[in-house]
Amino acid sequence: SVSMEPPSSLECVICHEWMSAPMFQCKEGHCCCKDCKERKPGSLCAFCRSPINVRNRALEAEDELKNVSCRYAPLGCPFVSA
């Protein structure tokens, strides 16, 4: 069976929802979503209490790979990555 749970790397440390770009992180690499960052400017990481103030562009690139259709979709393949 295919899990619809987000990979832990794409889970916000504050609200625990699946993040989408833009994504932010603290100096230890713990990530939070745009909504949590905007809700509380100067947000501190829920794990290490460091400021969350850096964009995580590598994780944003990983996020872009979600819901990518199979290269054989034009031939009828219904697979879509999650």
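1. A nonpolar core is a set of buried Ala, Val, Leu, Ile, Met, Phe, Trp, Tyr and Cys residues joined through side-chain atoms within 4.5 Å. Keep that in mind for the core discussed below. The model itself is predicted.

2. Start with the overall layout. The protein has 2 helices and 3 strands. Along the sequence they follow the pattern β-β-α-β-α. The protein has 82 residues, and 30% of them count as buried. About 5700 Å² is exposed, with carbon and sulfur atoms supplying 54% of that area. Among contacts with a separation of 6 or more, 39% join residues 24 or more positions apart.

3. Next, the largest nonpolar core. This core holds 14 residues. Those touching the most other members are Cys12, Met19, Met23, Cys32, Cys33, Ile52 and Leu59. Two elements, β1 (23–25) and β2 (31–33), give two or more residues each. The largest share comes from β2, with 3 residues.

4. Cys33 deserves a look within this core. Setting aside residues up to four places away in sequence, Cys33 touches Cys12, Cys15, Met19, Pro22 and Phe24.

5. Now the sheet. The 3 strands form an open sheet in the order β2-β1-β3, and the pairing is antiparallel. β2 and β3 stand at the edges with a single partner strand each, so one side of each has no neighbour in the sheet. The pairing of β1 with β3 runs over 2 bridges. Across from Phe24 stands Arg55, which belongs to β3.

6. Helix α2 covers residues 57–64. The helix lies across β1, β2 and β3, and runs at about 145 degrees to β1.

7. What does Asn56 touch, leaving aside its neighbours within four places in sequence? Asn56 is in contact with Met23, Phe24, Gln25 and Cys31. Its place is in the loop between β3 and α2. Asn56 has a relative accessible area of 12%. The cut-off for buried is under 20%, so Asn56 counts as buried.

8. How many salt bridges does a search of the whole structure find? The search finds 2. Side chains of opposite charge can pair when their charged atoms come close.

9. One salt bridge joins Glu38 and Lys34, with the closest N and O atoms 3.9 Å apart. A salt bridge requires such a pair to lie within 4 Å. Both residues sit in helix α1, 4 residues apart, which means that about one helical turn separates them. Lys34 is partly exposed, at a relative accessible area of 32%.

10. The other salt bridge links Glu60 with Arg55. Here the closest N and O atoms are 2.7 Å apart. Glu60 counts as buried at 8% relative accessibility, whereas Arg55 counts as partly exposed at 33%. Arg55 is also the residue opposite Phe24 in the sheet.

11. Is Ser43 buried or exposed? Ser43 is buried, because its relative accessible area is 3%. Ser43 lies in the loop between α1 (34–39) and β3 (54–55). Not counting residues up to four places away in sequence, Ser43 touches Cys36, Lys37, Ser50, Pro51 and Ile52. Ile52 is also one of the core members listed above.

12. The segment before β1 has several points to check. Ser20 lies there and is partly exposed at 43% relative accessibility. Ser20 and Lys34 are 14 residues apart in sequence, and their C-alpha atoms are 7.9 Å apart in space. Lys34 is also a partner in the salt bridge with Glu38.

13. Pro22 belongs to that segment too. The peptide bond from Ala21 to Pro22 is cis, with omega near 0 degrees. Pro22 also appears among the contacts of Cys33.

14. Two backbone angles also call for a check. His16 has a phi near 65 degrees, a positive value in a residue other than glycine. Its place is in the segment before β1. His16 is partly exposed, with a relative accessible area of 47%. Arg49 is not a glycine either, and its phi is positive at about 65 degrees. Arg49 lies in the loop between α1 and β3.

Definitions and conventions:
Residues are numbered from 1 along each chain as its sequence is written. This is a predicted model: local features need pLDDT of at least 70, side-chain atom pairs count only at pLDDT 80 or more; totals for chains, interfaces and linings use all residues. Side-chain values use heavy atoms; hydrogens and water are left out. Buried means under 20% relative accessible area, exposed over 50%, partly exposed in between (1.4 Å probe, protein chains only). Contact means heavy atoms within 4.5 Å. A salt bridge is a side-chain nitrogen of Lys or Arg within 4 Å of a carboxyl oxygen of Asp or Glu. Two strands pair if DSSP finds at least two bridges between them. Axes are lines fitted to C-alpha atoms, for helices over the stretch in contact, and angles run from 0 to 180 degrees between N-to-C directions. Accessible areas come from the Shrake-Rupley method with a 1.4 Å probe; for residues, only the protein chains shown count as cover.
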